[in-house]
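Reader: I would like to go through one model and learn how to read its metal site, its empty spaces and a few single residues. Where do we begin?

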Amino acid sequence: MVKFGPAGNSPLFYESGGKSSDQVPAWLKSIGLSAYEYQCGRGVRIGEQTARKISAAAREAGIAVSLHAPYYINLASKEAEGRKKSQNHILKSLRAADWLGASPVVFHPGGVGGLSRKEALDLALTTLEEILELAQKEGLTHIKLAPETMGKQNQLGSLEEVIALCKLSPQVIPTVDFAHLHAVGGGCLCDKSDFEDILAKIEGALGSDVVQYLHVHFSPIEYTEKGEKRHRNLEDKDFGPDFLPLAEIIKENSLSPTIICESNGKQAEDALAYQKIYRSL
Ligand SMILES: [Zn+2]
């Protein structure tokens, strides 16, 4: 089964009378969606009680929950203290995900800063390896960690870099943000083969199971020569990437990905629009 859902609480949820996050799963079910990425982008502030309420509501409504870790995580920070803090933010995210019944925990690997890409990646690998050890000590190995492909040149998180991080452990899987790949590649996702190449690379490096249950971010995006400018939505015409080629690949190969829509202000509407495209095939 392919799951579709919004990143965070869509404005439509509040416009529909929704008030708190534990109401989101039932609301998503009522409009026909089946996934929800809980947002901790600005910090993991959720308490255990609230998280367990959302978890119960999601189980009841059959909604798959994932969690987006704080944006300021930087596994490649030049300062040891910065890397330590990032480890703590990821561990906090894992604990919250455990209460939420959420997996994976999506995170941005970090910035390249003044380092070479190789140096930055090596630092990130070491930092992530330590996180995996700490997660094991806390009994949190049942939650996947999912570094995201990033949209700007100066961010760590090319497809190759994300794959390298995933090779550390089966606990680490990629979050493939196709909008970011499209933006950083200067509008590189046009034909079906462009999408197929990405999935083939992941399958070759990480195996077919990872592709079968891929965690995906999708939305229209605006970009410049430096990469991502901002996420758009389907009402803004002329912003790619187009979802149809990916939908065809999913259908033809009977894949079961989770598609999280990050459209600006229209996350729920556009998740439904993508689902409609997929179901029309
Ligand atoms: Zn993200």
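Author: What follows takes the metal site, then the pockets and the cavity, then two single residues. Keep in mind that this is a predicted model.

Reader: Which protein atoms are the donors of the zinc ion?

Author: The donors are NE2 of His68, NE2 of His108 and two OE atoms of Glu148, lying 2.1 to 2.7 Å from the zinc ion. Along the chain these donors follow the spacing H-x39-H-x39-E.

Reader: Where do the two histidines lie, and are they buried or exposed?

Author: Histidine 68 is part of strand 3, while histidine 108 sits in the loop between strand 4 (105–107) and strand 5, so the pair ties together parts that are 40 residues apart in sequence. Both histidine 68 and histidine 108 are buried.

Reader: How should I read the angles of the donor atoms around the zinc ion?

Author: Start from the ideal: four tetrahedral donors have angles of 109.5 degrees at a metal. To count as tetrahedral, four donors need all angles between 85 and 135 degrees. Here the 4 donor atoms subtend angles of 52 to 148° around the zinc ion, and therefore the arrangement is irregular.

Reader: Now the empty spaces. How much space lies in the largest pocket?

Author: The general idea is that rolling a probe the size of a water molecule over the atoms shows where empty space is left. In this model the largest pocket holds about 610 Å³ of space. It is lined by 26 residues, and the closest to its centre are Gln39, Gly41, His68, Tyr71 and His108. Two of those names, His68 and His108, are also zinc donors.

Reader: Which elements give two or more residues to the lining of the largest pocket, and what is the lining by class?

Author: The elements are strand 2 (35–39), strand 5 (110–111) and strand 11 (227–231). By class, the lining has 7 nonpolar, 13 polar and 6 charged residues.

Reader: What volume has the second largest pocket, and which residues are the closest to its centre?

Author: Its volume is about 380 Å³. Of its 17 lining residues, Ser103, Pro104, Ile173, Tyr213 and Thr258 are the closest to the centre. Strand 3 (64–68) and helix 9 (208–212) each give two or more residues to this lining, and the largest share, 3 residues, comes from strand 3. By class, the second largest pocket is lined by 9 nonpolar, 5 polar and 3 charged residues.

Reader: How many cavities of 30 Å³ or more does the structure hold?

Author: A cavity differs from a pocket in that the probe fits but cannot get out. The structure holds 1 cavity of 30 Å³ or more, with about 50 Å³ of space in it. Its lining is Leu199, Val211, Leu214, Val216, Leu246, Ile250, Leu255, Pro257 and Ile259. That makes 9 nonpolar residues, with no polar and no charged ones.

Reader: Turning to single residues, is serine 77 buried or exposed?

Author: The cut-off for buried is under 20% relative accessible area. Serine 77 has 11%, so this residue is buried. Serine 77 lies in the loop between strand 3 and helix 4 (80–100). Leaving aside residues up to four places away in sequence, serine 77 touches Gly82, Arg83 and Leu123.

Reader: And glycine 204, buried or exposed?

Author: Exposed means over 50%. Glycine 204 has a relative accessible area of 68%, so glycine 204 is exposed. Glycine 204 belongs to helix 8 (residues 192–206). From glycine 204 to serine 66 there are 138 residues in sequence and 25 Å in space, C-alpha to C-alpha.

Technical notes:
Residues numbered from 1 in each chain as written. Predicted model: local features only at pLDDT ≥ 70, side-chain atom pairs only at ≥ 80, totals over all residues. Heavy atoms only, no water. Helix = DSSP H or I, 4+ residues; strand = E, 2+ residues; numbered from the N terminus. Buried < 20%, exposed > 50% of the residue type's maximum accessible area, 1.4 Å probe, protein only. 1 Å grid on protein atoms, 1.4 Å probe; cavity = no way out; pocket = protein on both sides within 12 Å on 5 of 7 lines; lining within 4 Å. Points joined across faces, edges and corners; volume = space filled by probe spheres on them. Nonpolar A, V, L, I, M, F, W, Y, C, P; charged D, E, K, R; others polar. Contact = heavy atoms within 4.5 Å. Donors = N, O, S within 2.8 Å, 3.2 Å for Na, K, Ca; no water. Tetrahedral: all angles 85-135°; square planar, octahedral: opposite > 155°, others 65-115°.
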